[in-house]
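This report goes through a model of two protein chains. The sequence and coordinates are shown first.

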Amino acid sequence: MPLKRVYFYPLWLRIWHWVNGAGIIILIATGFIMHWGIHGSLIDFNFAVTLHNITGIVVTISYFFFFIGSFLFYNSRYYRIRLRGWQTRIYKQAQYYLYGMFKGEKPPFPPTERRKFNPLQKTSYFYTMFLILPLIVFTGIGLMYPELIIDRVYRYNGVFLTAMVHAALGFLLFVFLLIHIYASTIGYDPLANFRSMINGWHEIHDHPVLKEEKDEDEDEDEEEDEAEDRPVTGNTPAAPEG
Amino acid sequence: MLNLKLKLTCLAVGFTAMAALAEEPLMREENHLCLRCHADQTYSFFNEWTQKEERRIMNPFHIIDTNLYLSGVHKSFSCIDCHSMDYETYPHARELKLEPLATCIDCHGGDDTYAQYHFDQIDADFARSVHAVKGGEHFTCGKCHNQHYYKVIARNSTHISDIVSADNQMCLSCHTNAVRYRLTSVHEYPDFSTVHAWLPNHELHFRSVRCIDCHTSVEDSLMVPHNILPRENAVKNCSECHSANSMLQATLYKYENLQARETSGLLSAIKQERPYIIGANQVPLFKILSVSILLATLAGIVIHALLRVFIRKKSE
């Protein structure tokens with residue numbers, strides 16, 4: 001039995017997540033077919049193009065909702081990165097994934113009500129959601145309406161450049177997706193995170209961990225969350241590792 | 001008889017042409033006699049009946065564009081090398097309407113001077129095309145090539161877009177013009193856009209590929225294949241172009257005049273004028289790079305997962 005259940009993922013977020021997930025998978029598959037010119041009796045280029053276009057529009061709209069929703073429901077705070085000590089925290093989390101967890105160490109930044117993501121997740125999600133995704137949406141719109149693209153950038157073919165950027169970003173998303181899916185199996189049991197992304201509830205089993213780690217990093221998180229409503233004052237707690 | 005006369009004219013023109021070779025394209029002096037009327041929207045002449053000078057509107061189809069004429073291959077010709085001398089008088093004698101005019105093959109057939117163009121092979125290729133088969137005698141070379149303005153484009157132009165638009169214009173002059181279409185057919189005029197509705201964004205496609213790239217089969221010895229195939233044999237499979245071994249390499253992009261300007265490599269690929277063709281623009285370096293990244297990621301995941309399973313087993 002879990003010690004505690006936290007309602008982590010509100011319904012709107014879960015719907016967005018799965019629509020987006022399915023969309024991205026379709027986009028990656030059709031994108032590969034088109035970009036590598038893969039063809040065969042079962043693969044129809046025309047169908048791939050049409051599917052890619054439609055899915056692209058759906059994902060763009062759903063991204064728009066995510067963006068609005070994030071600010072409306074304060075979801076965006078989970079993505080906020082505090083720069084001080086950031087490298088150290090990333091390093092700590094990476095260490096944990098690389099060998100700490102095999103030695104039976106406790107996760108340095110377990111999820112709590114205030115903190116959904118550990119520093120590595122936070123960083124990669126931030127870049128994916130607020131850098132790569134907007135860029136791929138913009139380049140995609142450009143490719144759908146080539147007349148929007150500047151014909152020549154200096155001596156380079158504008159559509160060609162746009163297409164290269166679009167494909168490279170798509171590839172990065174694919175790598176992200178693989179790691180994301182795999183990392184989701186790192187939980188209380190391999191399916192725990194998938195379950196919570198369906199029902200919204202995150203189960204916290206390991207109470208001692210929370211207790212133990214509290215003093216080390218909770219302050220960091222608290223500060224982050226409150227930073228928006230509180231002016232920076234002299235008595236801000238110091239970052240864990242200075 | 002006609003042929004002999006023509007061959008002689010050709011010879012004569014050939015010599016004068018050689019003499020004038022290095023010079024600027026200049027309209028032949030004697031042509032101004034005809035162009036006085038045929039280069040303008042109106043013409044004037046002395047009416048012998050009324051004894052008056054009169055000004056009238058020239059039939060737009062009878063106006064010769066002198067710039068196009070001078071940029072064409074037959075710029076060194078005198079009008080009456082091809083047309084009868086009797087045109088020098090006006091009104092033109094009415095039986096001149098019946099004058100047989102030479103075709104390309106009448107002059108260029110069996111002529112080694114222009115062997116590089118393979119006129120005889122083109123003639124044979126054309127004879128097998130749907131146009132020749134269905135149109136019969138009516139469908140002459142001149143239906144696509146205007147003898148006044150004919151210009152060699154594909155093998156000279158350095159711009160793909162110029163080749164595509166000039167070549168497609170020939171076809172569209174009939175296939176989007178019901179009047180010209182009826183010159184050689186008794187059949188109904190099919191709506192051009194509907195026929196190609198299966199091709200997404202076909203207007204964009206027609207600005208980047210030629211009709212003949214889809215409607216002829218590749219002929220290695222010919223720069224421009226002339227055998228327009230029946231519609232059933234036209235290219236309909238997207239992957240013919242949208243794949244690594246795009247057929248366009250063997251058709252539109254084969255011209256050396258284009259390739260001379262490009263070397264391989266990513267930057268030059270982007271610098272090219274060639275449009276971006278989904279699936280056909282693959283950069284080997286990127287392919288290797290992305291496959292390596294992918295394999296490294298997968299390897300990392302597998303090793304990590306194995307370690308997790310392994311260590312859990314051990315601790316149990």
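The text below covers the two chains, their interface, the salt bridges and three loop residues.

**The chains**

The model is predicted. Chain A has 242 residues, of which 42% count as buried. Its secondary structure comprises 7 helices and 4 strands, and along the sequence these elements follow the pattern β-α-α-α-α-β-β-α-α-β-α. In chain A, 72% of the contacts between residues at least 6 apart in sequence join residues at least 24 apart. The exposed area of chain A is about 13700 Å², with 68% of it supplied by carbon and sulfur atoms.

Chain B has 316 residues, and buried residues make up 33% of them. It contains 15 helices and 2 strands. Of the contacts in chain B between residues at least 6 apart in sequence, 59% join residues at least 24 apart. About 20700 Å² of chain B is exposed, and carbon and sulfur atoms account for 61% of that area.

**The interface**

The size of an interface is often given as the accessible area lost when the parts come together. For chain B and chain A this area is about 3100 Å², 71% of it on carbon and sulfur atoms. Two helices of chain B, helix 14 (266–271) and helix 15 (284–315), each supply at least two residues of the side that touches chain A. Helix 15 of chain B gives the largest share of that side, 14 residues. Sorted by class, the side of chain B that touches chain A has 19 nonpolar, 10 polar and 6 charged residues.

Counted by contact, 35 residues of chain B meet 28 residues of chain A. How many salt bridges does the rule find across the interface of chain B and chain A? The count is 0. Polar contacts do occur there: 6 residue pairs, with both residues at pLDDT 80 or more, are in polar contact across the interface of chain B and chain A.

**Salt bridges**

Side chains of opposite charge can pair when their charged atoms come close. Over all chains, the count comes to 6 salt bridges. The table gives some of the pairs, with the N to O distance of each.

| Residue | Partner | Distance (N to O) |
|---|---|---|
| Glu30(B) | Arg28(B) | 3.1 Å |
| Arg56(B) | Glu54(B) | 2.9 Å |
| Arg128(B) | Asp125(B) | 2.8 Å |

The accessibility of several of these residues is as follows. Glu30(B) has a relative accessible area of 35% and is therefore partly exposed. Its partner Arg28(B) is also partly exposed, at 23% relative accessibility. Arg56(B) counts as partly exposed because its relative accessibility is 38%. Asp125(B) has a relative accessible area of 1%, so it is buried. Asp167(B), Arg210(B) and Asp213(B) are joined into one network by salt bridges that share partners.

**Loop residues of chain B**

Two of the residues described here, Ser84(B) and Glu88(B), lie in the loop between helix 4 and helix 5 of chain B. Helix 4 spans 79–82 and helix 5 spans 104–108. Is Ser84(B) buried or exposed? With a relative accessible area of 13%, Ser84(B) falls under the 20% cut-off and so counts as buried. Leaving out residues up to four places away in sequence, Ser84(B) touches Leu96(B) and Glu99(B).

Glu88(B) has a relative accessible area of 41% and is partly exposed, because this value lies between the cut-offs of 20% and 50%. With the residues up to four places away in sequence left out, Glu88(B) touches Leu33(B) and Ile80(B). Glu88(B) also has a C-alpha to C-alpha distance of 10.0 Å to Glu30(B), with their positions 58 residues apart in sequence. Glu30(B) is the residue that forms a salt bridge with Arg28(B).

The third residue, Ser221(B), sits in the loop between helix 12 (211–215) and helix 13 (256–259) of chain B. Ser221(B) is partly exposed, at 39% relative accessibility. Which residues does Ser221(B) touch, not counting residues up to four places away in sequence? They are His118(B) and Gln121(B). Ser221(B) and Gln121(B) are 100 residues apart along the chain, and their C-alpha atoms are separated by 9.0 Å.

Notes:
Residues are numbered from 1 along each chain as its sequence is written. Chains are lettered from A and ligands numbered from 1 in the order in which they are written. This is a predicted model: local features need pLDDT of at least 70, side-chain atom pairs count only at pLDDT 80 or more; totals for chains, interfaces and linings use all residues. Side-chain values use heavy atoms; hydrogens and water are left out. Buried means under 20% relative accessible area, exposed over 50%, partly exposed in between (1.4 Å probe, protein chains only). Contact means heavy atoms within 4.5 Å. Accessible areas come from the Shrake-Rupley method with a 1.4 Å probe; for residues, only the protein chains shown count as cover. Buried area is the accessible area (1.4 Å probe) that two parts lose on being put together, summed over both. A salt bridge is a side-chain nitrogen of Lys or Arg within 4 Å of a carboxyl oxygen of Asp or Glu. A polar contact is a pair of N or O atoms within 3.5 Å; within protein, one must be able to donate a hydrogen and the other to accept it, and residues adjacent in sequence count only if both atoms are side-chain atoms. Ala, Val, Leu, Ile, Met, Phe, Trp, Tyr, Cys and Pro count as nonpolar, Asp, Glu, Lys and Arg as charged, and the others, Gly among them, as polar.
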